[in-house]
Structures are given as structure tokens and as C-alpha cells.
Amino acid sequence: MSPLDTLWLVLLGPALGALINGLWPQRLRGRVTHGVIACVAAGFAFVVAILQHIALGASGQEIVRASYFTWIQAGNLTVDFALRLDPLSSVMCLTVTGVGFLIHVYSLGYMAHDRDYVRFFTNMNLFLTAMLILVTASNLPLMFVGWEGVGLCSYLLIGFWHRRESASRAGFKAFAVNRIGDAGFLVAMFWCWKVFATLEFHEIFERLELATAVDVRWITLLLFVGATGKSAQLPLYVWLPDAMEGPTPVSALIHAATMVTAGVYLVVRMHPLFHHPESAGVLVAWVGALTAIFAATIAVGQRDIKRVLAYSTVSQLGYMFLAAGIGAYVAAIFHLVTHAFFKACLFLGSGSVIHACHEEQDIMNMGGLKDKMRTTHWTFLAATLAIAGVFPLAGFFSKDEILAHAFQANRGLYVIGIACALLTAFYMGRVLFLTFYSGRRMRDQAWEKVHESPPSMTFALVVLAVLAVFGGLLGLPAGLGLPHFLAGYLAPLLPDAHGAAHMPARLELALMGISLALAIGGLFAAASLFRVRGAQGEERLRKALGGVHTLLANKWYVDEVYAAVVVSPLSRLAQAVSDRFDPRVVDGLVNGVAAAVGWGSERQTRTQTGRIRDYVLVILTGAFLLVLGLIALGR
Amino acid sequence: MPWLTITIFLPTVGAALLTVLRRSGGQGARVISLAFTILTAVLSVALAIGFNGASPDYQLEDPKVPWVPALGINFHVALDGISLWLFLLTTFLSVIAVLGSWTSITKHDSAFFICLLLLETAMLGVFAAIDLVLFYVFWEAMLIPMYLIIGVWGGARRLYAAIKFFLYTFVGGVLMLAGIIILYFALPEPDRTFSIPELLARAPQLDGSLQLTLFVLFGLGFAIKVPLFPFHTWLPDAHVEAPTSGSIILAGVLLKMGAYGFLRLCIGFFPVGTEVFGPVLMWLAVIGIIYGGAAAMWQTDMKRLIAYSSVSHLGFVMLGLFALNPMGIQGAVLQMVNHGLSTGALFLLVGMIYERRHSRMIADYGGLWEEVPVYSRIFLVVALSSIGLPGLNGFVGELLTLMGTFTSAWVQAQLWAILGCLGVIISACYLLWMYKRVFYGEPKPHRDGPMKDINTIEATAAVMLLAGIVWLGVYPAPVLRSIKPAAVAVVNRFEVSRGNVPRTKPFADLAPDVAPLGGTELPAVFSEDDEQ
């Protein structure tokens, strides 16, 4: 039996794991059992993903699709629970399950002393299930199941330490902001149904000629609204930095490596629409570029290690959208994969540091950790170089490919892209040097207790660091005549697979040189400021930037603007409706009618005096009027 | 055997038995009513098994019994694919309502359960009646037990709420009665009838202006019941004051009668009225979705919050119905069932903590997640189903009603669907914000000590509802399939009866045309002209 006959098998492990841990949270012997179950489940999914990947390559088929049962059937619409495996979903499955598995293993150590150990692993497995549904779904509604499912898990895991007000608030914020994007996704889905009369991906792509320019523009725009919510792009990125309230493995898995890439995946999945000349692709690219630079500037001003990484994630996702928007889909997916490696490594490394420093997250209070935490230091260093784009690490190749495409598509995008590369190198260098170098700034007591993390945690770090170093081999520059494995693999599916090959080798080399120079320049600037001087360097940076630094440290006051422009008017509206309009106007009208009737009838009862002479008077008056009337009529 | 009639009146038999055995004490009354509601539910399921889901016709019909022969009024009951599911929902929720009042009703127990059982008969009658007068009689009969349930077993302001509920509904009922009489005499002599299937064929041929009047007379009563904005203010008061089971029935079944009435009578009888007032109702539905959600966001009382959420959710139902395409109507019927399960479950769950802490105020709670873990998790799933998380029931209904609206032939269809999507965002906000305040955070100490987690009876009721919630979320296809023929019949009748009246655009009745409606022009969202 070929693994391609059982596409659902990839979902089975995590789904079962979540079910078992969810339904029998306290029954099994020893709490580690639960963690092991979850890891085995994730590992199983990874193995299945590998087998499916191999089988797909061997079979020579481009797309394998399997329908299991009819989920929704109404009007002429039929939505099946149908999965599809193609090179794109296979790459996504591998990334999600592979990185996911490592993070599960890491969590065994990281969460070992948490009281809600089992709930944590249940939610992690549930998340993997939802993410795998998202990437293997064969139609829009089923993808939406995964789409909202990851949103839910994100809500549950951000608010994992729910006793903390900030955590439950952040979870709520994530879900609410995501929902705004989801509404865009929904409308895009309606529009697709209206135009194509189907919601299956392959059928939509076959019927593209049915769509007018207007249809394409709106559908892609609305899909992108969905993507900005899930992938934290302007203007819906605000939930992601707050999502750092969750446990660090969650930040690594959900808010760096997998869930947030769903938007990029969506754009690439729907690329036949985005590839249309009338699509919103240009907007995607510009929003991506602006998000990249915007988030990178904020990252420079943050002191919380996880927040720097969070803004860095927003920024790197911006790169991916930049690529997807200009049609460089392979480059987008390539960067997605390498980013999953080095960002997961960075987050887990920061988790290791936070763990060692007893929940200290402020990089200004760290420093000098490199000798105490050797493995963490080396892996963090490797991942930092990778994300900064230093040759020959993973980030260098993927970022360079995006920049090369941007150079050809639009010089403005390219300039933003390289400026952002410089900033990336700088703020990552800042984190690296302030955390691991620059002398210790910790109290002695705390310093004594600092220790390297247990092997279950460092294992994941090492593997991810190796991937961050060598991940670039997946996509060597085709322009230089080197093999680009990923492009070759995705070629049957994506139109741009050999796009960058048209570039002259000299230009390619020149662009690489610029990127590399900027990366090293950024790192060097950071080193000269922070490597020795530490906190003084930060002081100098603040003085140099002046008012701008305040702006950056306060994240351009975007949260405040949102609060003033969106949240507060909305809650005032809600308050006005429920406290004033509804009881006074709507209900007031009703009660007013009732009161009027009561008043009228009360008036009427006054005529019933009970005195004979009053009644006689009324009768006589009536009779008189009657006679008068008759006489008048008689005439 | 007239099984449908037997099913309808089985709860009445139970009520009669309770009046005889009144002295048998509280526990007996509970067991007897539970037995009768379960028996009714089992019978209704047995009936459903014999139902042919592929046919649009009335089925399971019992022989017509002349009731007032001089006027042609008959006792005549049957079900079609639309009423079948509402019928099943009613028998199911009645069991839940009995379980939900097991410990919460502490005075006049027998009388309470008598009311509940009589109410069930009346509700079943409304959905099964295919004689207009019979429909009206059941409609009004339902009012009395519900009035008593709120007025006797309710909270502090129960009398105000009960009278408000009664007056609102009664006004609607009286207008409907006037409509029924006018309709009867408007038909030419030999055609006069109260039979709904016959009226479906004859009423649409009535004069257009008369149809408008009749649509308003019938529609007002239904709009109050749904409730559509701005006729909704009786609902929060009634819900807050009603006992738990009263709220379950009120939200779960009674509100559906308004929507059902619109579907069966207003759309069925008066196509001209439907076409003229359709946009008005769509706007009111959209306003209701947003307004109800906005109002829910600011509530401090959990029951009031859920009541306003009902206003919002029923807006989706109305959108689906007046989308006037099979997808919308199928979605609307499913959404009615969904709302019954989800909101019924929410009221049941709030009732549970009310019984423990005697407060419905959100501010009085906090940190329940650790105090009552099982309860908290169940509540979360139910809240998510109400929010419309895919994989649970609410999503399917919302998707279909909104998608049906989006592809309907109204000029402003897309605008309504997009505005309706705002409800999707808002519902997440008010429910999860409430959830955060009640369940997360530090536990609040209470003078009664820690709260007890859910007990067996409560768990039984909750698990039954959860099963429905998950089933309709994961595998709603069979249900949708059996609704489809009846929904298509409604649409076809509407299309045929509106005959040659030209429309600004072709009506996409069964599916969006493969050639897009908008053509190369701008999408309809942006066009200025209206249907009229």
C-alpha cells in the first residue's frame, strides 16, 4: 500500500494524541507519559510526511487528491472532506511536522514543571492537526477549518497561563484580530463560489477564465485581508507581539515557524489568481515590504528578547509576502522554510535563556551568558547569522533570492528590502551581543543559578541550528548555474520556478555582494556598540536616535492609536446601544405606547363616575345631538 | 395509527397524568415528565426514520379530521423536510429542559412540569399543523404555559417580563388572526380553505396590494417572535427572568417559530409581499446582527448577553430565508437547529452556575477554569460553536446563510453578506470576552466555598447537546440533504408564482450562474439603484 492511498494518515497522529490527552488528562501513569504521547504523535506525523513526500516523488504524479466524505451539501454546493498532496503541501507538511516534532521534544524539558503539562501537550497536538488540515485541504472551506483551528489553538496557547491578566487578554486579542482577517477570507470564499461555482482548488484553477478583472481583484484582495490577519501584516499585525505571553515553545511553533506562515501559504496556494495581471499582487508586495521595514524598526527599540524576535517574525513574514506579491512563489516558500528553521532555533534559544535566567526576559538584564550556556550560545549565534543573511547560511540564500526578484520587479521594493536586511542584521546582533556577550549585568544570586538547559531542549536547538546553517542548500542560486532543489521540486506547480534564472550571473553576484555587505555591516555596527559596552551601547543608541528611539520603543504608538481609533469608539458604541439606545429609545417607545394606552384608559374611566345625574346628562346630550343630526340629514 | 398526532399529544397525556398524581411529590413529577419527553423524542426519531428525505412533499400525514366543518377547519398535521428538523429539535430540547429543571425548580414542581409538557405539545403542533387555523390555535396555546413559566417560576422582575412577553406575542397573534380571516374571505367562494398546502397554490394569485397588507399582518407577528430589530426588547427581559428551562425553550424553539412562519406562510403565500418587503427584512436582519452583537458586548448579565446574541444569530437565519435560494434556506433551517442547540446549551450552562452562586453577573465570577474544569471546557466548546468555529455546528449555518445571501438576486445582496460577516467578528468578541472574565484569572473566593463541578444529570444534558453540536458540525450533509427538496420547492413556488414580473437581474435560483452575474460591470455592491 502506497502512502499516497492514505493521505489522512498524516492527520491521525496529532489528532489521536490530542484526543487521548484531552479526554484522559489525569488517568495515565506519570505525567511524562502524556508528553511522550504527544511527541510520538508529532513524530509519527513527521514520518508519514516523509513517506508521502518520497512516494509522491516516486509516483510522478503532480497532485494526489482523496475525498473521504461529503461534509456540506446545500444548493448546488458540495464540500467534501478532501485532502490533496502536491509538492507545495508536501513541503509545508514536512516543515510543520519536522519543526513541530522538535519543538514538542523541546517542550518535554521546558514545560516539565508546569502544572498544566497535559493541557499544554493537548493543545500543541491539536494545533498540529489544524495546521496539517490547513495545508492539505483540497478546498477553501476545509482549509478554513484549519485556518480557524490554528487561530483557536493560538488563542488557547497564548492564554495558556490564564491567571495572568495580560495572557488571557493577549489570547483574546489574537483571536479577535484574526477574526477580522477571517471575515475577509469568508467573503473571498463567497465571491469564488459566485464566480466559479466551486470551492475546490483544482476546479477554480481550471475555470479561471470565468473571472473578470474585477472579480480577480476583489477575490485576491479579500484573500490577502485574510492573510494579513493570520500572518500578522499591516495593519493586523498587532496581535503577534502580544502573543509572546504564551510559553516560549508556543512562540516558536505557532508564532514563528508555522501558523503565521499560513497567510503566505494561502497566497501561494491561490497563485493562479494572484498571478493574474489584475490581481492585488502589487498591493501584497508593497504591504509586505512596508511591514518588513516597519516591524524591523520597532525591533530595534525593544528590550524584551521575545518581543524583538516577534517583531522580527513580522518583518520576515513581510519578506515572504513581498516575494509572493511579485510572483516569486518559490522564493517565498524557500524563505518560509529557512525562516522556520532559524526562527524556531532563535525562539527556542531565547526560551533556553529565559528558563536559565528564571523568567527574565529583558536583554538589558542579561549579558555574558556565552560561557554558562555554551550550546545555547552556539546555536543562537548560528541562527542569528542565518537570519542576518551571512553567507553561506540558510537565510542568505533565501533572502537573496527574494531580493533578486525584487530588483527585477521594482527598485523601490528592492531598496526597502535591503534596508530591512541591514536593520535585521543590526537588531539581531544587538540581541546576540547584549544577551551572550558584553559582561554580566545580573545579580550574583541569579548568576549562580544560571545553567545550561537539559538535553531534551538542547537537542532541538542543535538540530535546528544545523538546519539553519545548511538549509540554504535547498535552493542554491539558479542564476549561477547551481541546482535549486526546491524550485525543481515545486516546478510542476508554480510558474516562477525558474524565473530568477534569467538574471545575468554578474548581476546576481553583485546583488549578493550588496546583501552580504549590508548583513555584515549591520552585525558589525551592533558588535561595535554592544559587544563590549553592553548597556552603555544601548544608551548611546538611544542618544543617537533621540526622539525616534522613544517612538520605536513604544512601537510607533500603534496600539495606542488602535485603542483610540477603533477599540474605544466601538466600545462606546456598544455601551451607547446597550445602556441608552436599547432601553430608552427602542424599549422606551414600547413602554411609551403602553403608558399612552394606560393614560387614555385612565381618562376614560373618569367618565364612569357612578352618579345617576351624570349618566342622565350624557344620555340627554346624546339624544339631543342625535335628533339634531337627524333633522340635519332630513333636510 | 396516527403516529404524528400521537407524538404531538403524548406530552399532554403526561401533563394529564401529573394533574392526577399531583400529590405524588416532586421527584415523581420529574421522573414522569422525563419519561414522557424521552418517549416523545424517541417517537419523533422513529417518525424521522420513516421520512423520505428525497421528497419535497408533506409526509407522515395523519388522516384529516374535520374540526369545524362549517368553515372547513380541520385537524390536519404533517411534516416536510423543513418542519421535520424543527419538530425533532423541539422534542430533543424538551428532554434537555426537563433535565435542566431537575434541581432548579423548587416550588410547585408538578405545576411547572405540567406547563412544560403542555408547552411541548403546543410547539410540536405549530410545526406540524398544515391547517392555518390549527396553526394559529397552537401558536396562541403556547403562550399561556410560557407566560406562567416566566411569571411564576421566574426571577425578581418576572411579572414585568411575563406581561411584556405576553403582550408582544399576543399583539402579533391577533394581527395574524386578522390576516387569516382576510385571507380566507379574499379567496373566491369555492376556493376558500384553511389548508396550508392548498393555500400555497392559491394565495400567491391574490391581488398584489392585498398581498402586501397580508404580508404585514402575518409578518409583524413573526418579526416580533424572531425577534427582528426593533421588536426585540421583550427578549432580554424574558430571558433574564425566565427559569433555565424556560430560557432553553424560549431561545431554542420559540424564536424559531417566527422564522418558520416567515418561511412557510409569508414567503409561501405572498410572493409579491416577499419581493417588496424582502429588502426591508434583509436590512433589519443585518442591523439585528450588528446591533445585537454590539449590545451583547456591553452586557454585565450573562443571560442578557446570550439573549442579545440570539438577536444577532437569528439575523443570519433571516438573511438565509430571504436570500430566496436553496442554499440560503437550507442554511437558515440548519442555523435554526444550530442556534437551538448552542444557545440552549449556553442557557443550560449559565443556569448551572446560577444555581450554585445565585448570580448571573459576569463580575461576580472569575477563574472558574481551575475550580470547575469539566464545566469550563464544556462551556468553551459551546461558546465556540456559538461563535461559529468550523468543525462545530454554528459555522455551517453561518457559511450557508451568508453565502446564500451573497449569491442571491437582490441588488444589494453582496453588501448584506459583507455586513453580515461583521457579525462573525463581533460574536467572537462578546463571547470570548465574557469567557475570559468568567473563567480565566485568579479564582474569586466565595462564602460558600469552592464551586462543585458538573453533576451527573447536568453532564447528561450537556453531553447530549455537545453530541448534537459536534455531529452537525462534522457531518451535516445528511441533514442538509433532507432539507433540500422542501427548500427547493419553496424557491420554485416563489419563482413560478411571481411569474412574468420582470426583475432587474436574472434570479440565480439554484446556483450562481457559471457565467458571473455581474458580467463586466462593477459588482452590484457599488450600484446605486434598488430593487424597487
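**Questions about a two-chain model**

Author: Let's start in chain B, where B:Pro227 sits in the loop between helix 9 (208-225) and helix 10 (234-241). Keep in mind that this is a predicted model.

Reader: What makes the peptide bond from B:Val226 to B:Pro227 worth a mention?

Author: That bond is cis, with omega near -10°. Most peptide bonds are trans.

Reader: Where does B:Pro230 sit, and what is the peptide bond from B:Phe229 to B:Pro230 like?

Author: B:Pro230 is also in the loop between helix 9 and helix 10 of chain B. The bond leading into B:Pro230 from B:Phe229 is cis, and its omega is near 0°.

Reader: And over in chain A, what is noted about the phi of A:Ala197?

Author: A:Ala197 isn't a glycine, yet its phi is positive, at about 55°. Most residues other than glycine have a negative phi. You'll find A:Ala197 in the loop between helix 6 and helix 7 (201-206) of chain A.

Reader: How do you know that chain A and chain B touch, and how many residues take part?

Author: The cut-off for contact is heavy atoms within 4.5 Å. In this model, 55 residues from chain A and 72 residues from chain B are in the contact. The two chains bury about 5,800 Å² between them, and 70% of that is on carbon and sulfur atoms. On the chain A side, A:Arg179, A:Phe190 and A:Lys194 lose the most area to chain B, together 13% of what that side buries.

Reader: Why is the pairing of A:Asp587 with B:Lys164 called a salt bridge?

Author: The rule asks for a side-chain nitrogen of Lys or Arg within 4 Å of a carboxyl oxygen of Asp or Glu. The closest N and O atoms of A:Asp587 and B:Lys164 are 2.7 Å apart, so the pair meets that cut-off. Between chain A and chain B the count is five salt bridges, while over all chains the count comes to 32.

Reader: What makes B:Glu370 and A:Arg115 a salt bridge too?

Author: Their N to O distance is 3.5 Å, so the 4 Å cut-off is met here as well. B:Glu370 lies in helix 15 (residues 368-371) of chain B and A:Arg115 in the loop between helix 3 (87-110) and helix 4 (117-136) of chain A, so this pair joins two chains.

Reader: How many residue pairs are in polar contact across the interface of chain A and chain B?

Author: There are 20 such pairs, with both residues at pLDDT 80 or more. Helix 6 of chain A gives the most to the side that touches chain B, with 17 residues. That side of chain A divides into 32 nonpolar, 11 polar and 12 charged residues.

Reader: Which residues lie nearest the centre of the second largest pocket?

Author: Those are A:Phe172, A:Ala176, A:Val567, A:Leu570 and B:Cys429, out of 35 lining residues. Elements giving two or more residues to the lining are helix 6 and helix 25 of chain A, plus helix 12 (271-297) and helix 18 (413-439) of chain B. Helix 25 of chain A has the largest share, nine residues. The volume of this pocket is about 1,200 Å³.

Reader: How do the lining residues of the second largest pocket divide?

Author: They split into 24 nonpolar, four polar and seven charged.

Conventions. Residues numbered from 1 in each chain as written. Chains lettered and ligands numbered in written order. Heavy atoms only, no water. Buried area = accessible area lost by both parts, 1.4 Å probe. Polar contact = N/O pair within 3.5 Å; in protein donor to acceptor, adjacent residues only side chain to side chain. Helix = DSSP H or I, 4+ residues; strand = E, 2+ residues; numbered from the N terminus. Nonpolar A, V, L, I, M, F, W, Y, C, P; charged D, E, K, R; others polar. 1 Å grid on protein atoms, 1.4 Å probe; cavity = no way out; pocket = protein on both sides within 12 Å on 5 of 7 lines; lining within 4 Å. Points joined across faces, edges and corners; volume = space filled by probe spheres on them.
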